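Please open the model in your viewer and keep the sequence panel beside it. The tour below moves from the whole chain to two helices and then to an enclosed space.

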Amino acid sequence: MTSTEPQRHLVVGATGAQGGAVARRLLEEGHRVRGLTRSAGGHGRLPDGVEPFAGDLGDPGQARAAFAGMTHASVLLPMIYGPEQVASYVRNVADAALAAGLRRLVFNTGNRLPEAVTEVAAFETRRAAAAALLGSGVPTVVLRPPIYLDNLCAPWAAGPLVRDGVLRYPLPARSPVAWLSHGDLAAATVAALTRDGLAGTVLDLGGPDTVTGPELAAAFAAELGRRVDYVAQDPAEFEAGLAHALGAPAAAGVAATYRWVADAGETLYGVDHRAVEETLGIRLTPLRAWIAAQPWHALAGAA
Ligand SMILES: NC(=O)c1ccc[n+]([C@@H]2O[C@H](COP(=O)([O-])OP(=O)(O)OC[C@H]3O[C@@H](n4cnc5c(N)ncnc54)[C@H](OP(=O)(O)O)[C@@H]3O)[C@@H](O)[C@H]2O)c1
């Protein structure tokens, strides 16, 4: 990417937690950023400095308008898992990106993808999306994150963690996980957008510390100065809680990934973190440093 033309970045999902972190990081690095949101009400959820753009990925014309004039785009699909709907969003993204002559598109799959094909829609719709974008003619990088540390900041996790010393998560205790922060996702995405020679790369992301459930609890115990025990939550209980917040279809889609990991994929979430750092030219945040930087008591107070 040696063009001297200024970069203009579209962030799909910029009103959400992952896309918001990407948009803020792009702004910090001096880039111009447009954030896609479906409604005028979404403008208030965009980070300051992001140009709001109203549009829906499900509408080909609106997708084209959102990408028009952009040189780069970061794309994260929302929590929809119907194969036809996802495929139509991806077609609209690819068509719009080609029409805009995009120089780089970074697709965040939102999760790791098991090596072999599964029956889990959250994996397979993203596998198909990644393949479609890589084959579309748009210079694409695919990033495959593991589980986000920031999930633990949600009241349902932070409350029991701080109040009761219970770290409850729907993963088997012995599963090794390279938990990733949204901050590191953002650094990785910006590098994937702007670094030369990465088009066509598919990269598993992850933080520098791969830990089991009890090891994660021990890291929290050391930072919080109290005993913390890991409890592997039943995915059915997790799904029921999530359904209250997100609705049943999204909750079922997400919970299916945790069921698959518990049944067949306990090692899905490891990573070669040196490959991440070398490929992208970034430094990942140590687990203990990330834990130390979060306002746990305030997060728990919101529970
Ligand atoms: N690995 C993990 O630990 C983890 C954790 C959470 C989520 N995820 C995955 O990440 C993905 C996103 O989840 P999320 O929780 O980040 O979602 P979110 O916070 O609810 O954000 C969804 C974003 O997508 C936008 N959006 C939704 N429908 C759209 C459409 N039709 N056209 C254009 N934009 C649209 C929303 O914008 P507006 O509402 O402003 O229109 C919002 O910015 C999902 O695939 C999920 O499974 C993974």
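**The whole chain**

Among contacts in the chain that join residues at least 6 apart in sequence, 76% link residues at least 24 apart, a contact being heavy atoms within 4.5 Å. This is a predicted model, in which local features need pLDDT of at least 70 and side-chain atom pairs count only at pLDDT 80 or more, while totals for chains, interfaces and linings use all residues. Residues are numbered from 1 along each chain as its sequence is written, and side-chain values use heavy atoms, with hydrogens and water left out.

Colour the chain by secondary structure, and 12 helices and 9 strands should appear; these are DSSP runs numbered from the N terminus, helices being H or I with at least four residues and strands E with at least two. The radius of gyration of the chain is 19 Å, close to the 19 Å that the globule rule gives for 303 residues, so the chain is as compact as a globular protein of that length (the radius is taken over C-alpha atoms, and the rule is 2.2 Å times the number of residues to the power 0.38). Of the 303 residues, 52% count as buried, meaning under 20% relative accessible area with a 1.4 Å probe and protein chains only.

**Helix 4**

Select residues 121-134, where the end C-alpha atoms of helix 4 lie 20 Å apart, in agreement with the 20 Å that its 14 residues should span at 1.5 Å a residue (the expected span is 1.5 Å times one less than the number of residues). Buried here are Ala122, Phe123, Glu124, Thr125, Arg126, Ala129, Ala130 and Leu133. Show next what covers them, which includes helix 3 (83-100), strand 5 (104-108), strand 6 (140-144) and helix 9 (248-264).

**Helix 7**

Move to residues 213-224, the 12 residues of helix 7, whose end C-alpha atoms are 16 Å apart, as expected. Its buried residues are Gly213, Leu216, Ala217, Ala219, Phe220 and Ala221, and they pack against partners including helix 5 (155-164), strand 7 (166-169) and strand 9 (229-232). Gly225, which follows helix 7, has a positive phi near 70 degrees.

**The largest cavity**

Finally, select Leu149, Trp179, Asp184, Asp209 and Trp290, which are among the residues lining the largest cavity. By class, its lining has 7 nonpolar, 3 polar and 2 charged residues, where Ala, Val, Leu, Ile, Met, Phe, Trp, Tyr, Cys and Pro count as nonpolar, Asp, Glu, Lys and Arg as charged, and the others, Gly among them, as polar. A cavity is a set of points on a 1 Å grid over the protein atoms alone where a 1.4 Å probe fits but cannot get out, and lining residues have an atom within 4 Å of a point.

Definitions and conventions. Buried means under 20% relative accessible area, exposed over 50%, partly exposed in between (1.4 Å probe, protein chains only). On a 1 Å grid over the protein atoms alone, a cavity is a set of points where a 1.4 Å probe fits but cannot get out, and a pocket is an open set with protein on both sides within 12 Å along at least five of seven lines; lining residues have an atom within 4 Å of a point.
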